[in-house]
Amino acid sequence: MQESMSLLIQPTWRIIDQTSMGPYFSALQSFAMDDTLCHSVGTGQSPAVARAWVHHDTVVLGIQDTKLPYLQEGIQYLQEEGFRTIVRNSGGLAVVLDEGVLNLSLIFPEKDNKIDINMGYDTMWHLVRKMLEPYEVNVEAREIVGSYCPGSYDLSIGGKKFAGISQRRIRNGVAVQIYLCVTGSGSERARYIQTFYQKAKQSAETKFQFPIILPEVMASLQELVDKELTVQTCMFKLLTLLQKHSQELRSTQLLEYEADLYEGYLQRIEERNEKMQRG
């Protein structure tokens, strides 16, 4: 655990807070933003970045999801329920994002020291454990069978998953990304994904084993700690912890040279996304 703390120790943490961008802020813009920052941090033009973001009523599909035999029927169902759908450019499967879900990206330079993939995951796990220390809960990292987007670094309390972690690497930059279900109903979010798979897969045989969703194995942090928790209180905890691990917190948005990079990454992800959603 000490080793995973070492990545959090940075001379400067650059903070990009996009938790209040509103319903028109698209998840595609978010993924282009992380690619831009990976590029910028990896080439040494930016210090390490902690970016926080919230999206309204969006289901982010994984690349495997686009191979579902009845994908369009699944997408149509989600759209009828009021969700936008996009395809992410990092690993994993379908997840729900809404106002009660806080997304965090920690972006590290890898130029001088190689960052082992597990070390990236452990760093995020450690950070979340520290954020939740006051609630005296045991945050486990292991696969929760029956959850959506299952993986060996599902974060859970008492066997109920509230978060999932992924990673993306570009030009010596490493983005460790997490979605934290802070408020709302975890099982209700899971029911949307359960129905999506029922409609998009039906009884067809597929090479890839899609998860069989059990809504009862998912919950939000507010449900699990039984205390008043909000996205903003989690943000405050995050900033307090990062301040302890650095000499300076620097709050910015994209810099001028990054804006050009961003436009290129956004165009690329939009074109790819359009192609993939057509199935």
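In this predicted model, Thr252 sits in the loop that runs between strand β11 (246–251) and helix α8. With a relative accessible area of 16%, Thr252 is buried, because burial is assigned under 20%. The side chain of Thr252 is joined to that of Arg14 by a polar contact of 2.7 Å.

Following the chain from this loop leads into helix α8, which spans residues 256–277. Glu263 has its place in this helix, and its relative accessible area of 47% makes Glu263 partly exposed. Glu263 also belongs to a negative surface patch, which is formed together with Glu256, Asp260, Glu270 and Glu271. Membership of such a patch requires over 30% relative accessible area, so the 47% of Glu263 satisfies that part of the criterion.

Two further pairs lead to helix α2 and the loop that follows. Ser40 is found in helix α2, residues 27–42, and at 0% relative accessibility Ser40 counts as buried. A polar contact of 2.7 Å connects the side chain of Ser40 with that of Glu258. Gln45, in turn, lies in the loop between α2 and strand β2 (48–53), where, at 44% relative accessibility, Gln45 is partly exposed. Although Gln45 and Tyr257 are separated by 212 residues in sequence, their C-alpha atoms are 9.8 Å apart in space.

Charged pairs offer another way through the structure, since side chains of opposite charge can pair when their charged atoms come close. A search of the whole structure finds ten salt bridges, and one of them joins the side chains of Arg169 and Glu110, with an N to O distance of 2.9 Å. This pair links distant parts of the chain, with Arg169 in strand β9 (residues 160–170) and Glu110 in the loop between β6 (101–109) and α4 (117–131), 59 residues apart. The partners differ in their surroundings: Arg169 is partly exposed, with a relative accessible area of 35%, whereas Glu110, at 8%, counts as buried.

The side chains of Glu133 and Lys130 meet in another salt bridge, at 3.3 Å from N to O; here Glu133 is partly exposed at 48% relative accessible area, and Lys130 is likewise partly exposed at 29%. Glu140 and Arg142 also pair through their side chains, with an N to O distance of 3.5 Å, and their relative accessible areas are 28% for Glu140 and 38% for Arg142, values that place Glu140 and Arg142 in the partly exposed class. Elsewhere, salt bridges that share partners join Glu110, Lys114 and Arg169 into one network.

Terms used:
Residues are numbered from 1 along each chain as its sequence is written. This is a predicted model: local features need pLDDT of at least 70, side-chain atom pairs count only at pLDDT 80 or more; totals for chains, interfaces and linings use all residues. Side-chain values use heavy atoms; hydrogens and water are left out. Patches are made of residues with over 30% relative accessible area and no salt bridge: like charges are joined within 9 Å, nonpolar side chains (Val, Leu, Ile, Met, Phe, Trp, Tyr) within 5 Å. Accessible areas come from the Shrake-Rupley method with a 1.4 Å probe; for residues, only the protein chains shown count as cover. A salt bridge is a side-chain nitrogen of Lys or Arg within 4 Å of a carboxyl oxygen of Asp or Glu. Lys and Arg count as positive and Asp and Glu as negative; His and the chain ends are not counted. The place of a charge is taken as NZ of Lys, CZ of Arg, CG of Asp or CD of Glu. Helices (H or I, at least four residues) and strands (E, at least two) are DSSP runs, numbered from the N terminus. Buried means under 20% relative accessible area, exposed over 50%, partly exposed in between (1.4 Å probe, protein chains only). A polar contact is a pair of N or O atoms within 3.5 Å; within protein, one must be able to donate a hydrogen and the other to accept it, and residues adjacent in sequence count only if both atoms are side-chain atoms.
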